[in-house]
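Here's a walk through one protein model and its two bound ligands. Have a look at the structure first, then read on.

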Amino acid sequence: MSQISHSSKQTHYRTCPICEATCGLAIDVVDNEVSRIRGDDQDVFSKGFVCPKGTNLGALHQDTDRLRTPLIKQGESFTEASWEEAFEAVDRGLQRVIDTHGRQALAAYLGNPNAHNFESSLYTRPLLKSLGTRNIFSASTVDQMPRHVSSGLLYGSPTTIPVPDLDRTAYLLMLGANPFESNGSLCTAPDFPGRMRRIQQRGGRIVVVDPRRTRTAEAADEHLPIRPGTDVFFLLSLARVLTRAGAPQLDELEAHLQDLELLVQALEPFEPQNVAPHTGLDASTIERIALELSQAESGAVYGRIGVNTVEFGTLSSWAADVVTLLAGHFDRPGGLLFSLPAHARPDPEKPGGRGFRTGRFHSRVKNRPEVMGELPVATLSDELETPGEGQIRGLLTVAGNPVLSTPNGGRLDPALAKLDFMVSVDIYLNETTRHADVILPPPSALERGHYDIGLYGFAVHQVANYSPPIFDADGPSESEILARLALIASGQGPHADPAQIDRLLLQGMAEAAVANPSSSLYGQDPESVVAADSGRSGAEHLLDLMLRGGAYGDRLSLDYLEENPHGIDLGAMTPRIPQCLKTPSGRIELMPKIIASEIERAQAAIEASPSKDLVLIGRRHVRSNNSWLHNIEKLVKGRPRCTLLVHPEDAERAGLSDGQTARIRSRVGSVEAPVEVTESIREGVVSLPHGWGHSHQGIRMAVAKRHAGVNSNLLTDEALYDPPSGNAVLNGIPVAIEPAGPRA
Ligand SMILES: Nc1nc2c(c(=O)[nH]1)N[C@H]1C(S)=C(S)[C@@H](COP(=O)(O)OP(=O)(O)OC[C@H]3O[C@@H](n4cnc5c(=O)[nH]c(N)nc54)[C@H](O)[C@@H]3O)O[C@H]1N2
Ligand SMILES: Nc1nc2c(c(=O)[nH]1)N[C@H]1C(S)=C(S)[C@@H](COP(=O)(O)OP(=O)(O)OC[C@H]3O[C@@H](n4cnc5c(=O)[nH]c(N)nc54)[C@H](O)[C@@H]3O)O[C@H]1N2
Ligand code: SF4
Ligand SMILES: [Mo]
């Protein structure tokens, strides 16, 4: 199947594409088969660190259930098809929907692996554009959209996200993140656990805020078991303590802040004693943490899934930055800093820009505002089910499994079955893609090149690394598949030449680079910039252009990265305020209207009485990755992991004992799972991991079926969301638990 010949053992160095840690792997290949994968000791960033997912990339590549050939649905089952037949079928299906119902009847859903694939990062954009629909959805609205909105408002660009300077910080306050399992998120840091250990070895301090005593919390100096969904009150209260005596002295940063006084005023209601009953944390603890943070030599507040996928996701993200700023640690070594990736444009000399807006259009049924050109996936079922003009009839999914990963999967699943046409670009026939009429499988991760366009911007140390493919692919590359879909969607038919899209993208990028005074390609002829490199795929050519015109321009190119298989070290993060700001004022805009009204909403919430509901949270495990690594035997074997964690007091109240099966009910659904009684979870909170529930008819994942588990998103409620971002609430879902007896 692979044409590159590997008869004797060869070692290939490449970056792992699975999670955000970007670990360097050393991959031994013998006779065209992966024989062994280790961490690459010489990788400039990960220095040998690796996790079990990375060492099992070979098993993923060799998984016989991984699709190699396009599938076309005939009746209830799928038959293998040639690529030409498959593209022709897509063309017929999409055109039928467009001709009958118009383009607004089309929708797309992009999943998480797109962020780990530079080809998709570059080629989904023209594809979405050529679909010509507003019904664009993605995994971002079950994940980090609140972070984008808070960054957009504060700094003028949704992708300008500060990261904790782990390697130099003296104080890390971490909320709702569990890097011992996840390996870090929006904070690219291979060997996060080692970096935490070194903070402590330097004499620094780590405080973890999490309703569960995770391995990360165990390793910290202090664990604060907060009540789910209430971090926003805790953070606002820290900010209040830091501003009780008025605005703090912020030295040179002060000139770059807008509305500091307004902020100080707005924080007044959030005295520790007012938020304590909601958070379950003592007022004195809140006072102390604020003091510790402000007195630390350097410090950073970092929040992730547990503070993003909640009712106040946007305000929590905003507050994490604001607390760091008020404590005097913003845009400073050891604090929160903005990473500058090699492929990004260099900062201009002067700050400022058009700023960030949401709500340029709204969803048809629930009137939810657009954010970053997309609509909240929590409202996808509404758009599928509700008749009328603009009802979704045709869907494209790329690397997504929304049936398992988005709220109320029990509603979405049957709605997908009613579509007129669906096409999926995916490597598996799974819970979502089983609804497709055509499945187009891209090559495996080892058959494509890799560079982390999506993640280096959030790296705690600046690096660049490109890995060429190890094996040749039989079928078209993922970028070619996406380009051909773009041409089909724009009406050019199934046989149009995908190189057109390459040229279009290259031309656009070259023109932007030569027009940018801070780019090293400034002033050059766009034609010659494009022609300067040849013999590479369109996607590689684009990446090369980004690197050459990027922030470290004259030093970098794709050739240069290929000559350095362990990566290039571009140094520690440096202060970038104000140059990186794209707000209209050219300053950090602390109190935009959306934030002011969210603060009012938070104030109303603390004035109400604290909730006493039993609530559900999720969790991750180092051997899983969302829903799609459960077909690798080595990663799923052992004790079942899809269990419900219950505190002993809650177990007793519900009449549940360890090992017994519980029924868990929410407003939208119910599931059954084995109980693990444990003191590691806060009383009043239960935890079930997401990404399981591989028991659907017709999926082609033999191993996953044997370790099916249940889908926790049969419980999460699509009616709960963070208003500014539309992001779904996936943590803090009210539930009831009981022994799973015979059903009434
Ligand atoms: N309850 C609850 N739900 C959650 C979360 C939670 O914490 N709790 N987390 C949320 C988060 S953070 C995320 S990011 C989402 C993820 O949501 P999704 O992205 O929708 O789900 P994944 O499970 O990541 O599915 C990835 C899909 O991509 C396919 N795939 C893998 N590699 C490739 C590739 O190279 N190319 C292509 N084309 N396809 C590929 C897989 O087969 C799978 O179908 O889930 C969210 N859902
Ligand atoms: N092994 C593995 N690694 C992964 C993934 C995976 O599925 N498996 N998924 C990848 C993806 S897509 C992402 S987005 C990242 C996510 O990376 P993380 O955010 O680090 O991942 P989680 O393990 O979900 O950590 C969230 C933590 O928040 C806690 N929590 C829940 N509710 C609350 C709350 O209200 N307040 C507070 N303070 N804490 C709360 C949970 O107990 C949990 O420990 O991980 C990535 N890495
Ligand atoms: S931590 Fe993430 S990047 Fe590193 S080996 Fe594991 S899955 Fe791959
Ligand atoms: Mo995610």
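Which two domains does ligand 2 lie between? Domain 3 (165–343 + 577–604) and domain 4 (613–743) both give residues to its shell, so ligand 2 sits between them; the domain bounds come from an automatic or database domain assignment.

A word on ground rules: this is a predicted model, so local features need pLDDT of at least 70 and side-chain atom pairs count only at pLDDT 80 or more, while totals for chains, interfaces and linings use all residues. Residues are numbered from 1 along each chain as its sequence is written, chains are lettered from A and ligands numbered from 1 in the order in which they are written, and side-chain values use heavy atoms, with hydrogens and water left out.

**Ligand 2**

Ligand 2 is surrounded by 29 residues, and the closest are Ser182, Asp210, Gly229, Asp231 and Ser624; a residue is near a molecule if one of its heavy atoms lies within 4 Å of it. By class, that shell holds nine nonpolar, 13 polar and seven charged residues. Here Ala, Val, Leu, Ile, Met, Phe, Trp, Tyr, Cys and Pro count as nonpolar, Asp, Glu, Lys and Arg as charged, and the others, Gly among them, as polar.

Three of its polar contacts are in the table below, next to three from ligand 1. For these ligand pairs, a polar contact is a pair of N or O atoms within 3.5 Å.

| Ligand atom | Protein partner | Distance |
|---|---|---|
| Ligand 2, oxygen | Serine 182, side-chain N or O | 2.7 Å |
| Ligand 2, nitrogen | Aspartate 231, side-chain N or O | 2.6 Å |
| Ligand 2, oxygen | Isoleucine 305, polar backbone atom | 3.1 Å |
| Ligand 1, oxygen | Asparagine 112, polar backbone atom | 2.6 Å |
| Ligand 1, nitrogen | Valine 425, polar backbone atom | 3.1 Å |
| Ligand 1, oxygen | Serine 627, side-chain N or O | 2.5 Å |

Taken alone, ligand 1 exposes 920 Å², and the protein buries 97% of that. For ligand 2, the protein covers 98% of the 920 Å² of accessible area that the ligand has on its own. These areas come from the Shrake-Rupley method with a 1.4 Å probe. Helix H6 (179–182) and helix H13 (305–308) are the elements that give two or more residues to the shell around ligand 2. Helices (H or I, at least four residues) and strands (E, at least two) are DSSP runs, numbered from the N terminus.

Following H13 onward brings you to valine 310, in the loop between H13 and helix H14 (313–326). At 3% relative accessibility, valine 310 counts as buried, where buried means under 20% relative accessible area, exposed over 50%, and partly exposed in between (1.4 Å probe, protein chains only). Valine 310 and aspartate 231 are 79 residues apart in sequence, yet their C-alpha atoms are 9.3 Å apart in space.

**Ligand 1**

Ligand 1 also has 29 residues around it, and Tyr109, Asn112, Ser405, Asp426 and Ser627 are the closest. Its shell divides into 13 nonpolar, eleven polar and five charged residues. Domain 2 (71–143 + 357–571) and domain 4 (613–743) both contribute to that shell, so ligand 1 lies between them.

**Helix H18**

Now for a helix: H18 (residues 478–489). At 1.5 Å a residue, its twelve residues should span 16 Å, and the end C-alpha atoms are 16 Å apart, which agrees; the expected span is 1.5 Å times one less than the number of residues. Eleven of the twelve residues are buried, so to speak of H18 as mostly covered is fair by the cut-off of under 20%. Among them are Glu478 and Arg484. Just after H18, glycine 491 takes a positive phi of about 90 degrees.

**Backbone oddities and a few loops**

Where else does phi turn positive? Aspartate 259 does it at about 70 degrees although it is not a glycine. This residue, aspartate 259, is found in the loop between strand S12 (257–258) and helix H10 (260–266), and at 33% relative accessibility it counts as partly exposed. Alanine 399 is another non-glycine with a positive phi, near 55 degrees. The loop between strand S15 (394–398) and helix H16 (402–405) is the place of alanine 399, which counts as buried at 16% relative accessibility.

There's a cis peptide bond too, joining isoleucine 577 and proline 578, with omega of about 5 degrees. Proline 578 lies in the loop between strand S19 (568–572) and strand S20 (588–589).

Conventions: Polar contact = N/O pair within 3.5 Å; in protein donor to acceptor, adjacent residues only side chain to side chain.
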